[in-house]
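This report goes through selected features of one model. The sequence and structure come first, and the notes follow.

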Amino acid sequence: MAAEIPAESLRDELSCPICLEYFQEPVSIHCGHNFCRACISQCWGETETNFSCPQCRETAQQRNFRPSRELARVIELARGLSFQAAKGSGGEPVCERHQEALKLFCEEDQTPICVVCDKSKAHRAHTVVPIEEAAQEYKEQFQTRLQALMEEREKLLGWKLTGEKRSSEYVGKTEAEREKIVSQFKQLHQFLEEEERILLARLGELEKEIVKLQGENITKLSAEISRLSELISEMEGKCQQPASEFLQDVRSTLSRCEQGKFQQPVEISPDLAKRLGDFTQKNIVLKESLKKFQDALMFELQTAMTLDPDTAHPQLVLSADQKSVRLGETQQQVPNNPERFDTARCVLGCEGFTSGRHCWEVEVEAGRYCAVGVARESVRRKRGLSFNPKEGIWAVQWLHGDRYQARTSSETTVSLGWVPSRIRVCLDCDEGRVAFFSAHNKAPVFTFPPASFKGERIRPWFCFWDRVSETELRLCS
């Protein structure tokens with residue numbers, strides 16, 4: 001501590017009384033006091049007479065200062081000694097300007113400073129604390145931020161693992177669906193190839209019979225034409241004979257003319273016509289078979305679905321996995337964004353489709369006062385709805401008891417005899433078809449008349465309309 005006092009005294013002696021820092025280009029004025037050239041020039045400003053010393057107040061009639069080169073060399077030596085002392089004391093960083101140890105921290109400028117900087121005009125009015133104290137305070141803030149960042153990283157890692165697991169599951173499902181599709185189309189190809197072979201073989205046999213019959217008819221007609229030509233030639237010759245010759249065997253000739261009448265042959269027998277008709281019917285049956293096969297194939301395709309929380313009415317409560325929805329007792333505090341239903345208690349699926357075939361299954365627990373189906377992207381969100389295609393909704397509804405219905409228009413309601421608790425919704429965007437089946441036995445529930453979606457996005461749709469309901473709708477994987 002005693003060693004530091006002379007050093008401080010030396011530093012005070014070598015500091016400008018105006019800026020309190022080491023002299024920069026030191027100069028001596030008329031009274032012998034020293035100042036930085038810039039500091040004394042700024043202090044005197046535009047003064048022309050009575051130049052006063054800022055330290056002793058002695059005045060002079062003219063500006064007079066001379067460079068103090070000896071003092072400048074002493075300052076350089078002092079700076080070097082301060083730098084060596086700081087370096088020898090432990091190698092800690094020093095102030096680049098004053099070559100003093102950085103023992104203080106300026107709160108305003110957020111930088112370490114030395115004791116000379118603390119006394120300088122640049123930091124004189126600032127809040128300054130010991131550097132160790134500032135370091136400890138900021139280390140505590142760093143620890144708090146570090147803990148928050150580590151927790152955030154752990155959360156993101158958890159989401160990443162969950163996403164990878166879910167993605168792996170979906171990839172597995174898509175691979176299984178791909179195998180199903182390949183298998184189904186392989187069966188369809190085999191079925192079509194076999195049907196083609198059988199039908200072409202039968203058609204070939206029928207063609208041979210037709211060609212054979214036509215050949216026989218042509219042979220018969222050719223022979224009869226030849227016979228008639230001979231008879232005509234004979235009769236024409238007989239007409240040229242004299243009467244006595246002409247009348248000989250005239251009855252025999254006339255009799256042969258009567259016998260010359262030939263019945264038109266039947267080109268296609270009733271049996272062949274029936275068989276051709278069978279082929280036409282067979283084609284109709286084949287079309288129906290293909291249609292049934294397509295329906296069966298469509299039933300096998302299943303699209304993974306989730307519910308869109310941004311569209312859910314405030315009273316609807318979605319599960320964490322966004323797979324199920326139920327009606328809550330009160331409305332939740334959620335943003336009233338443009339896509340949210342605010343009157344009808346509805347929610348849409350996240351997924352939407354503009355082309356292709358898509359199916360998903362919905363399980364209805366304690367079904368009552370709810371509806372399941374599809375809706376246009378443009379369906380109204382901010383006021384009441386009528387659940388029919390004109391409003392952009394195709395759905396089946398659970399009422400109460402054993403009452404089920406579907407609305408095909410604003411005027412027409414179709415009563416359904418039965419609706420299963422697990423229903424399969426099938427959407428064919430290209431054909432404009434919406435159909436509902438039992439998920440258990442593929443029995444049809446209801447199919448809406450073909451519609452024109454006009455390329456608009458179609459999304460899964462779910463709704464409740466009773467204020468209190470124990471029903472829960474769940475999307476099945």
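## Cysteines

Cysteine 106 is buried in this predicted model, and its relative accessible area is 0%. Cysteine 359 is also classed as buried, with a relative accessibility of 1%. Both values count as buried because the cut-off is under 20% relative accessible area.

Zero disulfides turn up when the whole structure is searched. Cysteine 106 therefore has no disulfide partner: the nearest cysteine sulfur belongs to cysteine 117 and lies 9.6 Å away, whereas a disulfide requires sulfur atoms within 2.5 Å.

## The three-stranded sheet

Strands S7, S6 and S8 form an open sheet in the order S7-S6-S8, and the pairing is antiparallel. The edges are S7 (111-113) and S8 (128-130), each of which pairs on one side only. On average, neighbouring strands of this sheet are turned by 40° against each other, with direction ignored.

Strand S6 covers residues 104-106 and is joined to S7 by three bridges in an antiparallel arrangement. Within this pair, leucine 104 of S6 is placed opposite isoleucine 113 of S7. Helix H5 (residues 131-239) packs on the sheet and touches S6, S7 and S8. The direction of H5 makes about 90° with that of S8.

## Positive phi outside glycine

Glutamine 110 sits in the loop between S6 and S7. Its phi is positive, about 55°, although glutamine 110 is not a glycine. Is this residue buried, exposed or partly exposed? Glutamine 110 counts as partly exposed because its relative accessibility is 43%, which falls between the limits of 20% and 50%.

Asparagine 50 is another non-glycine residue with a positive phi, near 55°. Its place is the loop that runs between helix H2 (37-44) and strand S3 (51-52). The relative accessible area of asparagine 50 is 45%, so this residue is partly exposed.

## Nonpolar cores

The largest nonpolar core has 36 residues. Which of them touch the most other members? They are Trp360, Val362, Trp398 and Leu473. A second core, separate from this one, contains 17 residues, including Ile29, Phe51, Leu71 and Ile75.

Tryptophan 360 has a list of contacts that leaves out residues up to four places away in sequence. Among them are Phe353, Ile423, Val425, Leu427 and Leu475, and also Gln302, Thr303 and Arg424. Met305, Gly373, Val374 and Pro460 are touched by tryptophan 360 as well.

Key:
Residues are numbered from 1 along each chain as its sequence is written. This is a predicted model: local features need pLDDT of at least 70, side-chain atom pairs count only at pLDDT 80 or more; totals for chains, interfaces and linings use all residues. Side-chain values use heavy atoms; hydrogens and water are left out. A nonpolar core is a set of buried Ala, Val, Leu, Ile, Met, Phe, Trp, Tyr and Cys residues joined through side-chain atoms within 4.5 Å. Buried means under 20% relative accessible area, exposed over 50%, partly exposed in between (1.4 Å probe, protein chains only). Contact means heavy atoms within 4.5 Å. Two strands pair if DSSP finds at least two bridges between them. Helices (H or I, at least four residues) and strands (E, at least two) are DSSP runs, numbered from the N terminus. Axes are lines fitted to C-alpha atoms, for helices over the stretch in contact, and angles run from 0 to 180 degrees between N-to-C directions.
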